[in-house]
2 protein chains.
Amino acid sequence: MAPFTDRLRTIQAAQNSLLCIGLDTDITKLPPHLSHTSEGVLEFNKRLIDATCDLVCAYKLNLAFYEALGERGWWVLNETRKHIPSSVIAIADGKRGDIGNSSDLYARSLINELRFDASTVHPYMGRDSLEPFFRTPEHGVFVLVLTSNPGARDFQYLKAGGKPLYEQVILRVKRWNTHRNIGLVAGATRPAQLKRIRLLAPHLPLLIPGVGAQGGDLKRAVQYGCDTHGFLAIINAGRNVIYASAGEDFAGAARSAAQAMRDQINGYRDSPTH
Amino acid sequence: MAPFTDRLRTIQAAQNSLLCIGLDTDITKLPPHLSHTSEGVLEFNKRLIDATCDLVCAYKLNLAFYEALGERGWWVLNETRKHIPSSVIAIADGKRGDIGNSSDLYARSLINELRFDASTVHPYMGRDSLEPFFRTPEHGVFVLVLTSNPGARDFQYLKAGGKPLYEQVILRVKRWNTHRNIGLVAGATRPAQLKRIRLLAPHLPLLIPGVGAQGGDLKRAVQYGCDTHGFLAIINAGRNVIYASAGEDFAGAARSAAQAMRDQINGYRDSPTH
């Protein structure tokens, strides 16, 4: 199978979409007509996927939302993942990072058992903590670089060796990317830095959360996040899409919201600024 | 209930032990007479806890080993945790770290559902990513500072504002510690730095992995890791104890190994160097 970066580009071209939908399904926010149980969460996810899978390049599942379901969480996660067609990328957003033997188990579980196409990881523990994820070329690994939350300022901007820490992370990640399968997580809430990140890493996939509820500017996320060919930015949309309607028409409403957003993104792709 | 730091001190005094056993149970390493299933892992854990719970101040469960069990992982984790008596601390070693609403779910799951007494977290995403863990005073939060793996050198030693990054993490963590429930993870494989960390944070609990299989020096881990009263260092022992014997006598052998290690630690506590 092709290295992750090549596959991502192929999928984005075939789907004509950079949109990723975050299936961060909160059991307390399900439409009232669905059962507020693990089965209800799975039903909600499946109907969202059926309604939107021709409009996206990826789905991202934040593992916190599945762990919150307790004993049934793994089952919902596994069944949801199996429902995602192979025409798009399935991302496990678990922000893992641990010493070698533990990281090995996390990687095996997400890559070999649940068969996710990509994962998110924390850089703090360094290369050997990420190696078990890197070593499968067809599996994408998105390393946290500059996150979309306020606390990003606590450490990520610290000047280390004349550069902000997040740039030091990028420099190392580029060296580690021998299998062409590593990408970066860079929040849409920091457009100036996003532009700089794309400049520093012209060929790496960027997973870009933070548009919508978190307030990031979509236009700049697309224009700064894409490579020079208008690819390799993955724009994540969460609550705006999956909760577009709180009623029985939730899947249709999500489809409309996703379609509008995909088209808006494609409009911005046509006028790159760099 | 008392803030975590006070409770830890009380428990370490009552148990006369700084030893923590890492219940990182690998299903492939179970003794041959136990069933190599989730039930077997739980049986192994319960018998280890029964055999050692008067000798330790804590058990640490690395969540990777439970996630590796798939659908039954949560059940084994939950049942194991319930088997840990309230006379000792149960630590969920999941190295979490995510934006606010996701971190909230992780914290709720580990604190309110599984009822762990403490968790480990990644600092990279900053304060708001950790706040959901900090806000429960009786819950301990161990922030990764200087880890025991080789990759610690990639970022943790980077000079940022005249100090290594890990010291910058300590400075902030001390400011955030308004509930007296935050501690640090500092590997025994870096004794000189461990000494410095205790100097910078004289009153914080230190969770110290890396003795045993990873090669850290026990004597220095204890002497540098303890506070001036000989408390607040939690010395984690993993494979050396839980796999002390591969046979039917595994629990008895683990007890002997734990007892020897507890006594050795207590011997070193009596001769602090600072």
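## Helix packing, pairing and a two-fold dimer

Helices α5(B) and α6(B) cross with a right-handed sense (the near helix is turned clockwise from the far one by less than a right angle; anticlockwise would be left-handed). Helices (H or I, at least four residues) and strands (E, at least two) are DSSP runs, numbered from the N terminus.

The model is predicted: local features need pLDDT of at least 70, side-chain atom pairs count only at pLDDT 80 or more, and totals for chains, interfaces and linings use all residues. Residues are numbered from 1 along each chain as its sequence is written, while chains are lettered from A and ligands numbered from 1 in the order in which they are written.

### Exercise 1

Classify the packing of α5(B) on α6(B) and list the residues that meet.

*Step 1, geometry.* α5 of chain B spans residues 100–113, and α6 of chain B spans residues 127–134. Their axes lie 8 Å apart, at an angle of about 25 degrees. Axes are lines fitted to C-alpha atoms, for helices over the stretch in contact, and angles run from 0 to 180 degrees between N-to-C directions.

*Step 2, class.* The angle therefore makes α5(B) roughly parallel to α6(B). The classes are: under 35 degrees roughly parallel, over 145 roughly antiparallel, 65 to 115 roughly perpendicular, the rest oblique.

*Step 3, residues.* From α5(B) come G100(B), S103(B), D104(B) and A107(B). They meet D128(B), S129(B), P132(B) and F133(B) of α6(B). Contact requires C-beta atoms, placed from the backbone, within 7 Å.

*Step 4, chemistry.* This contact has three nonpolar, three polar and two charged residues. Ala, Val, Leu, Ile, Met, Phe, Trp, Tyr, Cys and Pro count as nonpolar, Asp, Glu, Lys and Arg as charged, and the others, Gly among them, as polar.

### Exercise 2

Follow α10(B) to its contacts with α9(B) and α12(B).

*Step 1, α9(B).* The axes of α9(B), residues 191–200, and α10(B) come within 8 Å and cross at roughly 15 degrees. So α9(B) is roughly parallel to α10(B). The crossing is right-handed.

*Step 2, its residues.* P191(B), L194(B), K195(B) and R198(B) of α9(B) meet R220(B), A221(B), Y224(B) and G225(B) of α10(B). The split is four nonpolar, one polar and three charged.

*Step 3, α12(B).* α10(B), residues 218–225, packs with α12(B), residues 250–269, at about 50 degrees. These axes are 9 Å apart. α10(B) is therefore oblique to α12(B). Again the hand of the crossing is right.

*Step 4, its residues.* In α10(B), L218(B), K219(B), V222(B) and Q223(B) take part. Their partners in α12(B) are Q264(B), I265(B), Y268(B) and R269(B). Four of the residues are nonpolar, two polar and two charged.

### Exercise 3

Trace the barrel of chain B and place α12(B) against its sheet.

*Step 1, order.* Eight strands close the barrel in the order β1-β2-β3-β4-β5-β8-β9-β10, paired in parallel. Two strands pair if DSSP finds at least two bridges between them.

*Step 2, twist.* From one strand to the next, the twist averages 30 degrees.

*Step 3, one pair.* β9(B), residues 206–208, and β10(B), residues 233–237, share three bridges in the parallel sense. Here I208(B) stands opposite I235(B).

*Step 4, the helix.* α12(B) packs on the sheet and touches β1 (19–22) and β10 of chain B. Its direction makes about 145 degrees with that of β1(B).

### Exercise 4

Find the symmetry that relates chain A to chain B, then describe the contact.

*Step 1, superposition.* A turn of 180 degrees with a shift of 0.0 Å along the axis lays chain A on chain B, at an RMSD of 0.0 Å. The fit is by least squares on the C-alpha atoms of residues with pLDDT of at least 70 in both copies. The relation is therefore that of a two-fold axis.

*Step 2, the axis.* In chain A, the C-alpha of A160(A) is nearest the axis, at 2.1 Å. Both copies use the same surface: 100% of the contact residues of chain A recur in chain B.

*Step 3, the contact.* Each side is counted: 46 residues from chain A and 46 residues from chain B. Elements of chain A that give two or more residues include α3 (63–67), α4 (73–83) and α8 (165–176). α5(A) gives the most, with seven residues. On the side of chain A there are 18 nonpolar, 16 polar and 12 charged residues.

Key
Two residues are in contact if their C-beta atoms, placed from the backbone, lie within 7 Å.
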